[in-house]
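Please open the model in your viewer and keep the sequence panel visible. The tour below proceeds by selection, stop by stop.

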Amino acid sequence: MPRVFSPNLRLLFSPLRPSLAFPLFISKPKPKPYSLFTVFSSSSPGRKQSTSYRDSLNLTRRNSSTFKENKDRGKEAVMDETESSSSSSFGFNKRRAEGKDKNDRPKKNLQLKSRTLNPTNTIAYVQILGTGMDTQDTSPSVLLFFDKQRFIFNAGEGLQRFCTEHKIKLSKIDHIFLSRVCSETAGGLPGLLLTLAGMGEEGMSVNVWGPSDLTYLVDAMKSFIPHAAMVHTQSFGPAHSAAALSDPSKLAEPYVLVNDEIVKISAVFLCPSCSEGLLVRPGEMSVIYICELPELMGKFDPKKAVALGLKPGPKYGELQKGKSVKSDSLDIMVHPSDVMGPPIPGPIFILLDCPTESHVEELLSIESLTEYYTDFAGDETKSAKTVNCVIHLSPASVVNNHNYQKWMKKFGQVQHIVAGHEIKNVEVPILKSSARIAARLNYVCPQFFPAPGFWSVNQLNSLTPDANAASKGPTSELCEGISAENLLKFTLRPYAQLGLDRSHIPSLMTHSEIINELLSEVPEIVDAAQHVRKFWHEPKETKELNPVQDNKHVIEEPWLDENTLPSCLENIRRDDLEIVLLGTGSSQPSKYRNVSSVYINLFSKGSLLLDCGEGTLGQLKRRYGVDGANDAVRNLKCVWISHIHADHHTGLARVLALRRDLLKGVPHEPLLVIGPRQLKRFLDAYQRLEDLDMQFLDCRSTMEASWNAFECDFESTKDQSALGNPLNSHINNNERSKNNNGSLFSRGSPMQSLWKRPGNPVGNSAAYPILESLKTVLVEAGLEALISFPVVHCPQAFGVGLKAAERVNSVGKVIPGWKIVYSGDTRPCPELIEASRGATVLIHEATFEDGLVEEAIAKNHSTTKEAIEMGNSAGAYRIILTHFSQRYPKIPVFDDTHMHKTCIAFDMMNINIADLPVLPKVLPYLKLLFRDEMAVDESEDILLTVSEALAS
């Protein structure tokens, strides 16, 4: 047994042999359907020993896209290589898997940034950050910029990715203000806090402000965000109680949140008008933010100072600071007003989020805003204030309301900027870098990379007159204003430049311009694209290939023969299954890759989501369009979450909230959410903020042992033949017992304490009604089974297998259903191999390149080599690699040697089950798009590979 050299990491080695780089030889004395859980065996006499990958890969790393590696990282997880190479094993970080590695790291005391403020020379502007403008899935954010301070209003999903795209440094943000507390305005906050906490040696924090509802969100985030990252969250205003909300005085006066030399920021509450006896629910309270810059003294006039008997010197400075001084030659006091020019007014802007028409009624009655209206009479204590800009986050339907327009006119000649969702914005991609990559991929292979689902200009022009009028908003109505555009600025200082600044609005790059740029950069891509298209125009007998025929002889692994299909793909229909990779990056969103999410489209039978990282809804809307994505959300059958890490579930609340709104008033069942038990704590706490209309089921309740326990409880009323697991109907109870006893996670195994007793069924009868609902949902979706299994990553981490029901072809032949396995985040482990036996598609994480195996062990992730080995060992037909480290922004580092049935995933990749035979063939052509991102010798290899393919 290998020895462990570090007290912090313990390596567990399975008896599994490294994967089979070459064909497996499997003895099949009797044909049996592949099951999700079959008896695991690392080797057998009937299987040929295979050659492994090279011990070391001499890959040249990309300087432009690979971070500088810390040589000492992961060294504590060194494996003892003195053992025989034939018994190589996979290691993992046990302390991380148990969740104990947090105790090994020094606790951070996240500090707020300290700024030196200088109001005199400050450049100041307010800028629209167009998150959600194209997808209409989340609220736009607004940046208030000063030389030494930054403020952001609202942090919807995609804010991090937007800031990365447009080079807005998150480390410079001092305060975040929420206009409402809900998934639309705060969906990006968890990821943002985690990113800031991980910056630098000590980490960073930020002030987060919101109404009293913010406490609900903070309580929910505690289930997966360290407390230190949230110590500076501050709620204000009355709590949600009948006494507090019935007292108008508690809502009437502004709350001053920030008041320094640079700016004064006040908050005024806006509640919806409610019928008598009804309370304002959490999430419904909105906030109006008033930002007032101080008045600056005018320019100092030295000639006036000399005339009043002052000599150049320190007294000039005192006067400029607002202090009076005694004249040097005259017996008088010189006051600042004597030598300073007229004061420079302090600009004021107001940010308003009025979400519904019921809020409009209350808007007109807010007395604390009257001093900002042009018709304000004033009194001894207050004088009228001139507002320069009002930014409206309200939806177009509200802005066009007559009373809302009446309120807008109260400000006189102010600049109104309407930043609510408008139809005309959907064609302009906010994330230009990823849109550019998507257009290039679409040119090479439109089958796997369909065009985005947004409306074109022609479609927009063909809208009905009523729809066009609604999209124009207030520009053609009662009050003059403009529609917001991404990165539109309103300059506040210098005062001489007060007003709109359009110079930073990104230019719209058309699809034809992107393709022309591609053709000039990579001329070979024309022939490559034509060659790829031929894959779909081959003769039918060649394209469909021959299905596997059952036989009693020892056969070579059939999937490695390009002329053979697994029987489940015989006469497969294009409307049977589609796999859409919505997010293929790890940790945090980047310019080119969003975080984890896989959309399983079953067409008329519904759909499922496997993981739901931040921005998942936005990705759905980029793929299917606004209306198409709404349909996809309506038709969701369930959402399955692999583990509690934020990059896998923080998009869930937004999806659930949209589904709730779309199905309001329509008879429907709550959506099933399957996940680890920590996720339930988050969702339960979050639902105090807004109803998510869902039912939760612990992943443990969908494990094989739990399904068996559930089925056995109904033995007395059901036929014994129907009791077995659909994926394992050929395995009897004794064999199941052997499986459990031999499991890496079974009772008594070294991993039992690690995984919190996963080998035992969850015998909680309270889950049975939800399991019954899940069974119904699976039948409606055409699935026989959904089975979760434990993997090695963190406490309560899972993978999942989906098995389709059998079908009968036109001549009555029974065709087995396909099987998809999704690994979640994991190190290689026997449970994953068992689950993937005979899978049609294995979607496996490949966070690190092969040269970073020590880092993969330290963080309990897999390398590309290890992921491929898992699929080869299990006999999977196709392997899709995903969840790449963001150090590989466009394409990861991998070895081509054994990619014959493997493909690299990209965001928005669309894989129809009927196209699986050609999936690996496309990869060399896709690599051609990124040859400039790779080392010189590797890009030459790509050209050679493509040239040979074109020549043949």
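Does Glu371 count as buried or exposed, and at what relative accessibility? At 12% relative accessibility, Glu371 counts as buried, where buried means under 20% relative accessible area, exposed over 50%, and partly exposed in between (1.4 Å probe, protein chains only).

Before going further, note that this is a predicted model, in which local features need pLDDT of at least 70 and side-chain atom pairs count only at pLDDT 80 or more, while totals for chains, interfaces and linings use all residues. Residues are numbered from 1 along each chain as its sequence is written, and side-chain values use heavy atoms, with hydrogens and water left out.

**Salt bridges**

Keep Glu371 selected and add Lys385: their side chains meet in a salt bridge at 3.6 Å, N to O. The term denotes a side-chain nitrogen of Lys or Arg within 4 Å of a carboxyl oxygen of Asp or Glu. Glu371 and Lys385 are 14 residues apart, and each belongs to the loop between α11 (357-363) and β14 (389-392). Helices (H or I, at least four residues) and strands (E, at least two) are DSSP runs, numbered from the N terminus. Lys385 is partly exposed, with a relative accessible area of 27%.

Next, select Arg887 and Glu855, whose closest N and O atoms are 3.0 Å apart in a salt bridge. Arg887 lies in the loop between β34 (878-882) and β35 (902-904) and Glu855 in helix α27 (residues 853-859), so this pair ties together parts that are 32 residues apart in sequence. Both Arg887 and Glu855 are buried. Then display Arg436, Arg440, Glu517 and Glu521, which salt bridges with shared partners join into one network. Across the whole structure, the search finds 35 salt bridges.

**Strands β23, β24 and β25**

Select β24 (residues 607-612), where 6 of its 6 residues are buried. Add strand β23 (residues 597-601), which pairs with β24 in the antiparallel sense over 5 bridges; strands pair if DSSP finds at least two bridges between them. Ile600 stands opposite Leu608 in β24. In the hairpin of β23 and β24, with 5 residues between the strands, Phe603 takes a positive phi near 60°.

Now add strand β25 (residues 636-640), which runs parallel to β24 and is joined to it by 4 bridges. Here the bridge partner of Leu610 is Trp640 in β25.

**Helix α18**

Move to helix α18 (residues 525-534), whose buried residues are Ile525, Ala528, Ala529, His531 and Val532. Look down the axis of α18: these buried residues fall within an arc of 160°, so they line one face of the helix. The arc is that of the directions from the helix axis to the C-beta atoms.

**Aromatic rings**

Select Phe300 and Tyr316. Their ring centres are 4.9 Å apart and their planes at 50°, so the pair is tilted. Rings of Phe, Tyr and Trp (its six-membered ring) pair if their centres lie within 6.5 Å; planes under 30 degrees apart count as stacked, over 60 as edge-to-face and the rest as tilted. Both Phe300 and Tyr316 are buried. By this rule the structure holds 25 aromatic pairs.

Finish with the cluster that ring pairs make of Phe146, Phe151, Phe153, Phe177, Trp209, Tyr289 and Phe349.
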